[in-house]
Amino acid sequence: ALQPETIALRRAIHEEPELGLDTPKTLAKVKAALAGLTLTFKEGASCTGMIAILEGAKPGRTVLLRGDMDALPMPEDTALDFRSKVQGAMHACGHDAHTSMLVSAAKMLYARRDQIAGRILFMFQPGEEGHHGARFMIQDGLLDNPKPDAAFAIHITPNLPAGVVTAKGGAMMASADMFTINVKGQGGHASMPHLAVDPMPVACEIVTAINAFVTRRVDAFDPAVVTVAKIEGGTTNNVIPESVRMTGTIRAISEETRKKVHEGLARLAENVARAHECSAALDIERGFPVTINNNAAVDFIEATVRREFGQGAFIRGNNPVMGA
């Protein structure tokens, strides 16, 4: 019965996407949709995150349900009636759906509050796309009182049939770190490379060495992905640059492998550069940690989904994904 409302709110959010930790228009739409419910609302100072608290009729545990509100910095190239009205921003990852689904969950559970033992925290989180929105909300104290005993999040996927839920225990998604390697040599004229110390082939050698490092030094059953996604250096066709800068991403599904890759990249870049009389400096910006699902919580979700929607409605995932 709530489906038309869910769709309408999702499309309204889709039309006005917001980025990062600042999502005031989206939050205003959420507040308007929840206006008729007697909930306790908590907001923080560092971002536009909000917690709505539903108190059940009886004492019990505290469970958190979370939806994310921010969009991606990319244009929308569709002809949809509700396409993005904001240049260079689009809900391409489904957060508009997550937010509207969480609002409808709040409405549905509020109507059954007399049957609920404990309380439910509805967490509307900005800054999921690399901006650490959950961390800011936690630092603001929004999850302190009451502190949740369990937390559940959902993400839509086009890779499964509609009406199917999937989850797995343990490592579900990878950590994500950004790295930069600056290779420094000595500039010169391209016609006389022997009088310069060219950092360009050194940077290329570091890229190929990274590939060998990942396949030869990282356990295939505890994998990592290291991708150099951008290389920049030089100003014109006949001048050897003084330095080359490369950036990329590091993904891992355990903290042990994550640490091993960080140490290995530093060692590799420094020594390949030194072999060619260059220097190399590695900088790593630590991003999201490995997402690890609680096994008991996954079992609970599986039993609930199968009971409510049939045996075929749940598929247990086998492998983690290297997305983060």
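Okay, one definition before anything else: two strands count as paired here if DSSP finds at least two bridges between them. Keep that in mind, since I'm going to talk about a sheet. And a reminder that what you have on screen is a predicted model.

So, the pair I want to start with. Strand β10 and strand β12, residues 243-252, are joined by nine bridges and run antiparallel. If you want a spot to click on, take Ala224: sitting opposite it is Ala252, in β12.

Now zoom out a bit. What is the strand order in the sheet that these belong to? Going across, you read β10-β12-β8-β13, so four strands in an open sheet, with antiparallel pairing. At the edges you find β10, covering 224-233, and β13, covering 279-285, and each of those pairs on one side only. As for twist, neighbouring strands in this sheet are turned by 20° against each other on average, ignoring direction.

And what packs on that sheet? That's helix α6, residues 255-275, and it touches β8 (175-184), β10, β12 and β13. Its direction makes about 160° with that of β13.

Right, over to another spot: Ala33. You'll find this residue in helix α2, which spans residues 24-33. Buried or exposed, or something in between? Well, the relative accessible area of Ala33 is 22%, and buried would need under 20%, so Ala33 goes down as partly exposed. Leaving out residues up to four places away in sequence, Ala33 touches Leu9, Val103 and Lys107. There's also a C-alpha distance you can check: Ala33 and Thr6 are 27 residues apart along the chain, and their C-alpha atoms are separated by 9.9 Å.

Last bit, the whole chain. We've got seven helices and 15 strands in the protein chain. Its C-alpha atoms fill a box of roughly 80 × 40 × 40 Å along the principal axes. There are 324 residues, and 39% of them count as buried. On contacts, if you take those between residues at least 6 apart in sequence, 77% join residues at least 24 apart.

For the surface people: the chain exposes about 17,500 Å², with carbon and sulfur atoms supplying 55% of that. And for anyone thinking about electrostatics, how many charged side chains of each sign are there? The chain has 33 positive and 36 negative ones, and the centres of the two sets lie 5 Å apart.

That's it from me, thanks.

How values were computed. Residues are numbered from 1 along each chain as its sequence is written. This is a predicted model: local features need pLDDT of at least 70, side-chain atom pairs count only at pLDDT 80 or more; totals for chains, interfaces and linings use all residues. Side-chain values use heavy atoms; hydrogens and water are left out. Helices (H or I, at least four residues) and strands (E, at least two) are DSSP runs, numbered from the N terminus. Axes are lines fitted to C-alpha atoms, for helices over the stretch in contact, and angles run from 0 to 180 degrees between N-to-C directions. Contact means heavy atoms within 4.5 Å. Buried means under 20% relative accessible area, exposed over 50%, partly exposed in between (1.4 Å probe, protein chains only). Accessible areas come from the Shrake-Rupley method with a 1.4 Å probe; for residues, only the protein chains shown count as cover. Lys and Arg count as positive and Asp and Glu as negative; His and the chain ends are not counted. The place of a charge is taken as NZ of Lys, CZ of Arg, CG of Asp or CD of Glu.
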